[in-house]
Structure formats: structure tokens, C-alpha cells
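Student: Could we go through this model together, one question at a time?
Tutor: Gladly, let's look at it.

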Amino acid sequence: MVFATSSFDRTVMLWDEAKPSNPFKSLVGHAEHVMSIDFHPTKAGLLSSCDSNDGIRLWDADEGDCKLIFKGGSRQVRFQPRFGNLLASSTGNVINIFDVETNSIQQKFKVRLSIPGQACFKFLLCCNTVSYQNGLLFFNI
């Protein structure tokens, strides 16, 4: 099994559970501290990460290549559970929902919390699907 760690040295490190003493791969490219990482729920080797400068990257962890770079997340990134079609990210008091295939923001939420983005973001993480119809947002939990 492979696991990943994020770091203030601007890297994402990949580790082998069977040999945890040294990382076997370093993913380099973020401009600032890496704040959050998440593996895709169905595509083995696809990893998302965000840095403290709002940079989000999608990585091919098997090859060590960055496949996509976009802006909109400095606190957390999480793939939609089970399917992974959407990527939720938080920055400041905004939660962005990205379509991973088209690299476009599908929804943007402004929240008012003592810790911006945290409670609402955790709610979004529990959702299996999020859809937007006729001006209403639907969550399937």
C-alpha cells in the first residue's frame, strides 16, 4: 500500500507501507507549503494536492508527473467519495467544487464560520453526489 504526506518544504512524498523508513518518490512543483492531499477514490495513482498560495495540482503518482494545475484551494482538497468526478477545495471563506475532467468550477460557496470552510467542507465530504438544478443545490448523503 502507498501513502502520501504533505510538507512545508513544498513537496508531496510517497511512501511504501512495507518500507516506511524512506519515501520512494517526491512530487515537486508547488510554490508554497503543501497543505492538503487526497487520493482519487477509483483511479489508482491519481492524487490531488493544494498549497498555501491557492495552487491545486493533480498528480500521476505512478509516474511522478503533474497532470493539471489550477487555482482555488489553500486549506483542503478532497475528491468526491466513491466516484471522484468532483474535487472540493477550500480557501479563505470559499468552498469551490471543481469538475475534475473539465478543470472548471461547478459551484462556489461563501461561508461564515469561526474557522472558514471547515464545518461546511466536512459536510460536503460526506456527500456521494452533489447536483445543481433550477437554482437549488442537492446533496445525496
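Student: How many bridges join strand 10 to strand 11?
Tutor: A word on the source comes before the count: this is a predicted model, where local features need pLDDT of at least 70, side-chain atom pairs count only at pLDDT 80 or more, and totals for chains, interfaces and linings use all residues. Residues are numbered from 1 along each chain as its sequence is written, and side-chain values use heavy atoms, with hydrogens and water left out. Strands are DSSP runs of E with at least two residues, numbered from the N terminus, and two strands pair if DSSP finds at least two bridges between them. Strand 11 covers residues 104-110 and runs antiparallel to strand 10, and the number of bridges joining them is six.

Student: Which residue stands opposite Phe 98 in strand 11?
Tutor: The hairpin of strand 10 and strand 11 has four residues between the strands, and Asn 103 there takes a positive phi near 55 degrees. Across from Phe 98, in strand 11, stands Ile 105.

Student: And on the other side, which residue of strand 10 does Ala 88 stand opposite?
Tutor: Strand 9 (residues 86-91) pairs with strand 10 in the antiparallel sense, over six bridges. Two residues lie between these strands in their hairpin, where Gly 92 has a positive phi near 55 degrees. The partner of Ala 88 in strand 10 is Ile 97.

Student: Why is strand 10 largely enclosed by the rest of the structure?
Tutor: Buried means under 20% relative accessible area, exposed over 50%, and partly exposed in between (1.4 Å probe, protein chains only). Strand 10 spans residues 94-99, and it is largely enclosed because the number of its six residues that are buried is five.

Student: How many of the residues of strand 5 are buried?
Tutor: Leu 46, Ser 48 and Cys 50 point one way, while Leu 47, Ser 49 and Asp 51 point the other, and all are buried. Strand 5 (residues 46-51) is therefore largely enclosed by the rest of the structure, its buried count being six of the six.

Student: Which residue of strand 6 stands opposite Leu 47?
Tutor: Strand 5 has antiparallel partners in strand 4 (residues 34-39), through five bridges, and in strand 6 (residues 55-60), also through five bridges. In strand 4, Phe 39 stands opposite Leu 47. In strand 6, the residue opposite Leu 47 is Trp 59.

Student: Which residue forms a salt bridge with Lys 43?
Tutor: A salt bridge here is a side-chain nitrogen of Lys or Arg within 4 Å of a carboxyl oxygen of Asp or Glu. For Lys 43, the closest N and O atoms are 3.1 Å apart, and the partner is Glu 101.

Student: How many residues apart in sequence are the parts that this pair ties together?
Tutor: Lys 43 is partly exposed, at 38% relative accessible area, whereas Glu 101 is exposed at 60%. Lys 43 sits in the loop between strand 4 and strand 5 and Glu 101 in the loop between strand 10 and strand 11, so the pair ties together parts whose separation in sequence is 58 residues.

Student: Where does pLDDT stay under 50?
Tutor: pLDDT is the predictor's confidence in each residue, from 0 to 100. The chain averages 79, and 78% of the residues score at least 70. The stretch where pLDDT stays under 50 is residues 115-121.

Methods:
Contact means heavy atoms within 4.5 Å.
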